[in-house]
Amino acid sequence: MTRSLVALAVATTAMMVIVPCITWFGFGLAGNFPGRLERVDHVPALLVALSANVFGPFVGGFLVARMAGRREILHAIVFGIVMLAGAALDTRSRWEYAPVWFHVAFLSVLVPSGLLGGLVAKVTRPAEPAKSR
């Protein structure tokens, strides 16, 4: 249980670092640095933010599954659901700062991205050494 909680905490922290870094880098490339409470309608910037919100949960799902070392898919799904719950609260408080399509797409990609990361972690898991008799 402790290993699972630590894995979830590490994956969540990684996602909370990855997503803002990619998003702000993308806003800079798009030439659109919004103010703290300013609406963003610039589609390229929103697409970069959306791609960050695909990549971040993917990495988080991979990390939580790899660190847990067992039941990778379950851990990745739980991670995705935790991220979705937090994102839903965040989206509710920031609804007026982005178009509806962005919010719908953002909430729609979190669990599948985390699950995909967990699947990749499971498939790429190193083989266990054979036990000698």
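**A four-helix chain and its contacts**

Among contacts between residues at least 6 apart in sequence, 74% join residues at least 24 apart. The model behind that figure is a predicted one, and the protein chain averages a pLDDT of 83, with 89% of the residues scoring at least 70. Confidence varies from element to element: α4 has the highest mean pLDDT, at 93, and α1 the lowest, at 77. The secondary structure comes to 4 helices and 0 strands, so the pattern along the sequence simply reads α-α-α-α. Of the 133 residues in the chain, 38% count as buried.

Now for the inside of the protein. The largest nonpolar core holds 20 residues, and those touching the most other members are M15, L50, V64, F79, F102 and F106. Two or more residues of this core come from each of α1 (2-29), α2 (43-68), α3 (72-93) and α4 (100-123). F79 gives a good look at how this plays out. Leaving aside residues up to four places away in sequence, F79 touches L8, A11, T12 and M15, and also P57, G60, G61 and V64. Two of these partners, M15 and V64, turn up with F79 itself in the list of core residues that touch the most other members.

G60 comes up again in a pairing with T13. These two residues sit 47 apart along the chain, yet 8.4 Å is what separates their C-alpha atoms. T13 belongs to helix α1. With a relative accessibility of 47%, T13 is classed as partly exposed, because the exposed label needs a value over 50%.

Not everything buried is nonpolar, and S113 and E72 are cases in point. S113 is part of helix α4, and its relative accessible area of 7% makes it buried, since the cut-off is under 20%. Beyond its sequence neighbours up to four places away, S113 touches N53, V54, P57 and F58. P57 is thus a shared partner, as it is also touched by F79. E72, in helix α3, is buried as well, at 5% relative accessibility. Its contacts, again not counting residues up to four places away in sequence, are A65, G118, K122 and R125.

Just before E72 comes R71, a residue of the loop between α2 and α3. R71 has a phi near 45°, which is a positive value in a residue other than glycine. Most residues other than glycine have a negative phi, so this one stands apart from the general run. R71 is exposed too, with a relative accessible area of 55%.

R71 also features in the lining of the second largest pocket, together with M1, S4, L5, L8, V64, R70, L74, H75 and V78. About 180 Å³ of space lies in this pocket. Helices α1 and α3 each supply at least two of the lining residues. By residue class, the lining splits into 6 nonpolar, 2 polar and 2 charged. Two of the lining residues, L8 and V64, are also among the contacts of F79, and V64 doubles as one of the core residues that touch the most other members. V64 therefore links three parts of this account: it lines the second largest pocket, it touches F79, and it belongs to the largest nonpolar core, made up by definition of buried residues.

Key. Residues are numbered from 1 along each chain as its sequence is written. This is a predicted model: local features need pLDDT of at least 70, side-chain atom pairs count only at pLDDT 80 or more; totals for chains, interfaces and linings use all residues. Side-chain values use heavy atoms; hydrogens and water are left out. A nonpolar core is a set of buried Ala, Val, Leu, Ile, Met, Phe, Trp, Tyr and Cys residues joined through side-chain atoms within 4.5 Å. Buried means under 20% relative accessible area, exposed over 50%, partly exposed in between (1.4 Å probe, protein chains only). Contact means heavy atoms within 4.5 Å. pLDDT is the predictor's confidence in each residue, from 0 to 100. On a 1 Å grid over the protein atoms alone, a cavity is a set of points where a 1.4 Å probe fits but cannot get out, and a pocket is an open set with protein on both sides within 12 Å along at least five of seven lines; lining residues have an atom within 4 Å of a point. Grid points are joined across faces, edges and corners, and a volume is the space filled by probe spheres set on the points. Ala, Val, Leu, Ile, Met, Phe, Trp, Tyr, Cys and Pro count as nonpolar, Asp, Glu, Lys and Arg as charged, and the others, Gly among them, as polar.
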